[in-house]
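Let's take a friendly walk through this model, one element at a time. Have the sequence and the 3D view open side by side as you read.

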Amino acid sequence: MKQFFVLTLFPDMITQTLSYSIMGRAQKEGYIAVEAVNIRDFTLNKQKHVDDYPYGGGAGMVMQAQPIYDAYESILEKAKGARVVYLTPQGRPFTQRIAEELAEEDNLVLLCGHYEGVDERIIEEIVTDEISMGDFVLTGGELAAITIIDAVSRLVPGVLGKADSYADESFSEGILEYPQYTRPPVFHGKKVPDILLSGHHANIDKWRRQQALLRTWKKRPDLLETAVLTETEQKLVETWKLQKKDAETL
């Protein structure tokens with residue numbers, strides 16, 4: 001069982017959000033476990049404050065090291081040797097590759113910051129990884145933690161039922177997923193591509209791969225710079241580039 005420990009000021013936000021759908025079922029069936037640890041429970045002051053003014057002045061408040069460290073120590077026996085991920089805009093951008101990397105770990109500790117962040121000494125003391133959801137700022141790390149738990153849990157055997165459920169998804173092979181269709185065969189005058197109704201699985205697989213490449217080239221061409229492509233696929237991409245260039249010069 002993969003275990004996630006979330007150090008947070010809002011434990012209900014974590015547990016309630018992850019109690020639905022696939023994540024809720026994965027917990028009930030014992031594939032993953034999520035424990036939200038309330039940092040506020042470990043503060044030493046009567047007012048339950050976990051933050052204070054920053055030394056040197058400046059706007060906002062900073063989360064104190066002591067309550068965070070004591071919250072971390074409370075799960076240390078269960079999370080021994082676990083990587084501690086601090087969710088911060090300053091971290092490396094989260095990708096499917098990082099999700100796959102984290103999925104190899106038995107336990108993960110996720111630290112949710114708030115206000116102007118956490119005391120730098122807690123980062124130096126316990127944090128092993130800093131991860132960002134992108135070049136924007138959230139009000140807290142909880143949404144980022146939930147996102148990471150969801151993305152990582154999908155890669156845990158048994159959570160989705162079949163490995164095929166995620167093998168062809170966007171980013172799993174470095175490119176976007178091909179377009180999907182379901183019933184009815186005609187909707188608002190738009191037909192499902194005939195090849196998908198042909199029953200010829202080899203041709204369908206070839207069509208899907210080409211469509212995945214085309215979609216990636218149109219929407220995220222940057223991904224093709226590192227994607228593993230066959231010689232034929234590389235030539236196909238080059239053809240699209242030339243066609244676009246020709247069209248722009250007309």
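Helix α8 covers residues 201-219, 19 residues in total. From its first C-alpha to its last, α8 reaches 26 Å, close to the 27 Å expected at 1.5 Å a residue. Keep in mind that you are looking at a predicted model.

Which residues of α8 are buried? They are I204, W207, A212, L213, L214, T216 and W217. An α-helix has 3.6 residues a turn, so residues three or four places apart point the same way. With that in mind, try picking out I204 and W207, or L213 and W217, among the buried residues of α8. Part of what covers these buried residues is α9, residues 231-249.

Now turn to the sheet. It is open and has five strands, in the order β2-β1-β6-β5-β7, with parallel pairing. Because β2 (32-38) and β7 (129-132) stand at the edges, each with a single partner strand, one side of each is left without a neighbour in the sheet. On average, neighbouring strands here are turned by 30° against each other, direction ignored.

Further inside the order, you can look at one pair in detail. Strands β5 (residues 83-93) and β6 (residues 107-112) run parallel and are joined by five bridges. In this pair, V84 stands opposite V109 of β6.

Helices pack against these strands too. Helix α3 (residues 65-74) touches β1 (2-8), β2, β5 and β6, and its direction makes about 160° with that of β1. Helix α4 (residues 96-103) lies across β1, β5, β6 and β7, and runs at about 170° to β5.

Conventions
Residues are numbered from 1 along each chain as its sequence is written. This is a predicted model: local features need pLDDT of at least 70, side-chain atom pairs count only at pLDDT 80 or more; totals for chains, interfaces and linings use all residues. Side-chain values use heavy atoms; hydrogens and water are left out. Two strands pair if DSSP finds at least two bridges between them. Helices (H or I, at least four residues) and strands (E, at least two) are DSSP runs, numbered from the N terminus. Axes are lines fitted to C-alpha atoms, for helices over the stretch in contact, and angles run from 0 to 180 degrees between N-to-C directions. Contact means heavy atoms within 4.5 Å. The expected span of a helix is 1.5 Å times one less than its number of residues. Buried means under 20% relative accessible area, exposed over 50%, partly exposed in between (1.4 Å probe, protein chains only).
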